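Okay, thanks for squeezing me in, everyone. Let me put the structure up and then walk you through a few spots.

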Amino acid sequence: MNFLEEKNISGHLQIVKVYKSGEEEVLLDDSNIIVSGMGFSLSYLFSESGGGANLVTKFQIGRFQVGVSGPPAGGVTSGINQLSGSLTSIDEYGLGSNLVLESLTLRLDSANTVAGQAFARIPASKITRIGDSSVRYTLVLDEEACNGLTRGGSDAPINEIGLFVNNPVGTPADQPVLVAYRTFSDIYKTSDFSLIFRWTINF
Amino acid sequence: MKGEVEVWYGDQLIAKESNMIVDGAGKHIADIMTAPSSLSVIESASAILHTSNYSIQAISFGTGKDAFPANAHYYDIPKGGRVVPTYNGGSQALVLVNFRGDGSSYAPEAGLPEEPNPTSTRLEMRDTNVSANWGDGAVSSVFPGNGQQLVNFMPSAIVEFITTDTSLSTTNSKKLLGSIMGAFPPNATNVSAVAIFPDGQELSALVGSSTFNTASSMDYSGFVNKVATAGGDPEDGLISSGVVPYTNGILFQVELGPGDLQCANLYGGIYHLGLWTIDMEQSLLAGNTPPFAFDVLNNPRKYRLFCRKGFTIDLTRNSDSGGTPGFTNYDPSQNLVIKWRLKFY
């Protein structure tokens with residue numbers, strides 16, 4: 001129950017390292033930050049002004065990105081609208097992984113976009129209603145995903161992740177919008193383990 | 001998310017206060033996020049995914065609990081008997097109210113509205129049954145409200161139609177039923193408001209026009225339909241703006257005409273406002289298939305409360321002006337304008 005007049009959307013992220021032996025290690029269990037893209041997306045839905053986005057699926061959280069440059073230089077605020085250093089190509093996510101990957105244009109706000117961004121889809125089977133107003137997104141970077149990342153000739157750890165709404169503005173090709181973000185301690189991803197991100201959003 | 005309600009009467013700002021986003025809003029957005037995308041390939045079910053089913057689609061008005069067994073809702077034998085000889089003829093519907101004093105500014109008995117509660121699923125969670133017994137049962141059990149379960153307001157304009165082929169279809173029954181249940185007039189000339197004073201004297205006046213029933217935008221249980229997006233006339237029903245740039249805000253607007261105010265005043269006043277989305281699950285469970293076309297008499301839309309606003313003042317209050325009684329004194333050129341801004345951030 002919320003006794004405030006406002007309603008604040010919140011989120012919680014748990015990151016689990018799973019070794020091939022089945023052993024699990026919890027790396028992070030903490031709240032995330034909901035960014036302004038959530039309001040941006042919901043305002044397009046509730047005003048029914050999403051242009052071609054007349055399907056509610058366009059307003060669902062359906063994609064994610066991971067990055068190697070978190071946290072942002074300006075600090076983690078609700079004003080950020082993209083990862084600091086998202087993986088630059090589908091290849092970096094790992095062609096041998098089970099991820100469904102796409103190259104799309106990222107929407108920053110009503111006027112600005114960034115073309116050629118790599119996104120991973122969140123399968124419908126990994127989106128679970130766990131309460132009246134809570135939805136859990138389970139993101140899996142399997143053993144073959146995001147290995148051997150480098151920047152400037154050195155190994156690069158993943159340290160940020162974001163959830164994206166599919167296409168609130170309703171452009172012909174999806175233009176995802178960042179809605180939730182979290183940085184975490186460096187993880188050098190190898191083929192020895194998978195990473196599972198259990199991300200719960202409370203609406 | 002947060003919201004703010006402004007209420008204007010002409011150029012007078014009556015109220016400007018924050019609303020309460022209720023828990024149903026969170027439930028609604030979770031519904032949005034988990035709507036099965038696979039339905040898009042099933043022709044008969046794909047309309048379930050249309051965004052119009054998930055945006056704000058209605059506004060409703062409510063009063064305090066104590067208003068329902070009182071005011072023009074109140075029924076007793078003498079009041080019923082008064083209808084038959086005096087107002088039985090003609091096609092006019094009737095609003096009959098007992099004045100407590102000799103003043104002619106009607107201050108309805110409504111009590112305070114229910115306290116703000118984020119778990120609310122209706123405007124007034126307490127018992128709002130009309131207490132008058134009609135034959136075998138309470139009147140409100142004859143026509144239970146849609147979505148709100150308990151009767152809120154019901155347009156007297158349509159009582160003639162909904163009683164057709166029922167035991168209540170005789171002229172006397174219709175007039176009595178309409179006078180007890182209704183709260184919004186059909187148009188400018190079809191309703192007489194009659195005040196009965198303690199000394200037995202009566203004062204009658206024609207009720208002004210209703211914006212909603214003129215536009216057929218209010219269903220029988222008082223939900224005013226959203227009639228336009230990014231444009232439209234707020235006299236016709238609820239309208240919404242597009243996204244206000246850089247604020248992620250949306251403006252919802254509606255206007256109540258003089259007749260709506262006059263009638264609502266006599267039935268207990270307006271102390272509650274609510275914005276509603278369509279409750280997809282309940283609409284489907286009721287056997288309806290999207291797209292849910294709004295219908296005044298048989299509305300397939302079941303609603304879920306998204307946000308609410310309660311007031312400690314009656315938005316329909318009036319006062320005498322010289323020798324002109326207050327309840328007949330609504331300016332025919334002034335509407336009550338409700339501007340509701342929701343901001344998503």
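So, start with R129(A), which sits opposite V135(A) in β8(A). Quick housekeeping: this is a predicted model, where local features need pLDDT of at least 70 and side-chain atom pairs count only at pLDDT 80 or more, while totals for chains, interfaces and linings use all residues. Residues are numbered from 1 along each chain as its sequence is written, and chains are lettered from A and ligands numbered from 1 in the order in which they are written.

Back to that strand pair. β7(A) and β8(A), residues 134-141, pair in the antiparallel sense over 4 bridges; two strands count as paired if DSSP finds at least two bridges between them. The helices and strands I name are DSSP runs, numbered from the N terminus: H or I of at least four residues for helices, E of at least two for strands. Both strands belong to an open, antiparallel sheet of 5 strands in chain A, ordered β2-β1-β13-β8-β7. β2(A), 24-31, and β7(A), 127-131, are at the edges with a single partner strand each, so one side of each has no neighbour in the sheet.

Now, what lies across β7 and β8 of chain A? That's α1(B), running at about 35° to β8(A). For angles, axes are lines fitted to C-alpha atoms, for helices over the stretch in contact, and we go from 0 to 180 degrees between N-to-C directions.

Zooming out, the contact takes 40 residues from chain B and 35 residues from chain A, where contact means C-beta atoms, placed from the backbone, within 7 Å. On chain B's side, α1(B) gives the largest share, 9 residues. By class, that side has 20 nonpolar, 17 polar and 3 charged residues. Nonpolar here is Ala, Val, Leu, Ile, Met, Phe, Trp, Tyr, Cys and Pro; charged is Asp, Glu, Lys and Arg; the others, Gly among them, are polar.

Last stop, the inside of chain B. Of its 345 residues, 52% count as buried, meaning 20 or more other C-beta atoms within 10 Å of a residue's own; exposed is 12 or fewer, and partly exposed is in between. Helix α7(B), 258-266, has 9 of its 9 residues buried, so it's largely enclosed by the rest of the structure. Just after α7(B), G268(B) takes a positive phi of about 130°. F61(B), in strand β4(B), is buried too, with 28 other C-beta atoms within 10 Å.

Terms used:
Contact = placed C-beta atoms within 7 Å.
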